[in-house]
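Q: I am new to this structure and would love a close look at a single part of it. Could you walk me through the sheet and the loops around it?

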Amino acid sequence: MALTQKAERAALNKLIDYLDENPEEHIPQIMELIDKLVPASVFPAQRTAISSAIRDRSNWYELIMRIFHLNPSMRSRLLKTLIVDANLLAWPVQQKSREREQCNIPWAILLDPTSACNLHCTGCWAAEYGHALNLSYDDICSIIDQGRELGTHIYIYTGGEPMVRKRDLIRICEKYPDCAFLCFTNATLIDEEFCEDMIRVANFIPAISAEGTEATTDARRGKGTYAKIMRAMELLRGHGLPFGISACWTSANADAIASERYFDWMIDQGALFCWFFHYMPVGKGSPAELMPTVEQRERMYRFVREMRNEKPLFTLDFQNDGEYVGGCIAGGRRYLHINAAGDVEPCVFIHYANANIHDVSLLEALKSPLFMKYYEGQPFNQNHLRPCPMLENPERLGKMVQESGAHGTDLVEPESPSELRAKTEQRAREWEPVANRLWGDEGDGMFAKRHDPYQGMDDIERKKFQRLGRDVEAERAATFS
């Protein structure tokens with residue numbers, strides 16, 4: 001770490017300590033102090049939103065104060081890692097890497113420690129993978145070492161069920177205290193001992209899969225799963241530990257998830273955030289009928305935005321929130337995925353690759369043909385309510401796979417892009433006019449920003465378009481002509 005960055009880190013950590021001493025009294029001053037220390041180009045929109053929340057004492061302010069009710073034995077260390085190391089200091093390094101390497105550099109890396117899972121959930125490709133494949137402890141450390149060099153300090157475990165490897169996960173937390181580790185988990189393996197480990201390392205946050213009611217959860221995940229999830233949340237809540245919810249919304253549970261009752265349930269359980277994932281019919285055996293209907297998707301779009309103005313819960317709807325981040329964030333633009341066999345995939349839902357972490361470096365993978373197709377092609381649509389090259393622009397995925405020479409990486413039975421497209425193209429056609437209607441709604445609070453073709457992007461991406469000769473304003477005009 002350079003001397004100037006060490007000084008900046010020390011100063012920002014002192015701010016966290018100052019805030020932690022008396023949050024209610026000191027929080028009004030904190031953003032002004034951060035603005036003095038951190039360049040204006042680092043997360044400007046997010047800083048503006050936090051400043052407004054503090055000033056207005058909104059539901060977001062209530063969420064901030066909920067964070068300061070976490071276990072004091074680990075709270076300050078968590079905030080320093082998550083806010084200072086993994087974001088405020090990491091982002092400028094990532095931006096320099098993006099400009100220097102002229103490729104996507106991820107904000108976060110998703111990886112599968114194992115293909116093993118102790119459940120067999122309907123519609124989950126990992127249920128078919130078996131227990132044979134693992135990224136070794138050394139593999140994972142190598143990925144993190146390479147990622148840190150590029151400025152990436154956030155690592156997210158998927159699977160399989162990552163907690164099958166919970167001893168190794170804690171060892172990695174200990175080895176990299178300047179990194180934040182999130183974990184998508186079914187929660188059935190969280191116990192008292194693991195909660196004590198979480199307090200000790202202070203940089204591990206579970207995102208628990210919990211969709212809808214006891215009946216819908218047990219129907220998809222197996223009888224008794226809901227009770228185990230409730231027990232895990234009780235343990236985490238009792239220890240004052242941070243956690244959130246991961247909710248896959250399908251045609252079967254979308255109505256239950258898009259309900260105030262569900263949001264209140266998550267908050268009552270102690271969840272601080274919820275990641276909403278649109279069901280993707282990935283894998284030859286995945287049923288297309290579980291894809292939400294267009295009517296359910298529009299309801300979800302509206303409902304999540306409504307709840308953001310009312311509830312102290314941080315939410316991301318990865319399919320409907322593309323307008324906030326400039327469209328598709330996969331392909332390393334903000335994240336990538338490495339499966340348990342080492343295949344470096346653009347997205348956790350895109351099971352194609354032409355690079356394996358056992359054969360090439362992380363940077364070489366980011367410059368591999370498929371990833372460069374993502375880099376050159378993003379955004380795939382100027383209506384960012386249609387961001388995905390699989391779900392809303394299904395013709396784009398097949399073209400990129402063919403042109404890059406990528407192969408299928410499904411660990412059981414690879415699925416061709418044309419087979420996957422057959423399951424998504426009808427819903428894409430149905431969603432397009434709805435997405436265009438929503439995008440053109442002059443009464444929407446985002447309408448003015450939607451006139452900016454660079455909405456959700458930064459200066460590095462503007463330079464990319466110029467270098468590639470892409471006229472995004474002309475693309476936007478063509479999209480809505």
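**The sheet and its loops**

A: Let's start in a loop: Gln 102 is partly exposed, with a relative accessible area of 38%. This is a predicted model, and in it Gln 102 has a positive phi of about 55° without being a glycine. Gln 102 sits in the loop between helix H6 (90-101) and strand E1.

From here we can turn to the sheet itself. The sheet is open and has nine strands in the order E7-E6-E5-E4-E3-E2-E1-E8-E9, with mixed pairing. Strand E7 (314-317) and strand E9 (344-345) are at the edges and each has a single partner strand, so one side of each is left without a neighbour in the sheet. Elsewhere in the order, E4 (residues 204-209) and E5 (residues 244-249) run parallel and are joined by three bridges. Ile 208 has Ile 245 in E5 as its bridge partner.

Helices pack on this sheet too. Helix H7 (residues 137-150) touches E1, E2, E3 and E8, and its direction makes about 150° with that of E2. Helix H11 (residues 225-238) touches E4 and E5, with its direction at about 155° to that of E4.

Two more loops are worth a visit. In the loop between E2 and helix H8 (166-175) lies Gly 160, which a cis peptide bond joins to Gly 159, with omega about 15°. The loop between E3 and helix H9 (192-201) holds Ala 187. Ala 187 is not a glycine, yet its phi is positive, near 75°. Ala 187 is buried, with a relative accessible area of 1%, whereas Gln 102 is partly exposed.

Terms used:
Residues are numbered from 1 along each chain as its sequence is written. This is a predicted model: local features need pLDDT of at least 70, side-chain atom pairs count only at pLDDT 80 or more; totals for chains, interfaces and linings use all residues. Side-chain values use heavy atoms; hydrogens and water are left out. Two strands pair if DSSP finds at least two bridges between them. Helices (H or I, at least four residues) and strands (E, at least two) are DSSP runs, numbered from the N terminus. Contact means heavy atoms within 4.5 Å. Axes are lines fitted to C-alpha atoms, for helices over the stretch in contact, and angles run from 0 to 180 degrees between N-to-C directions. Buried means under 20% relative accessible area, exposed over 50%, partly exposed in between (1.4 Å probe, protein chains only).
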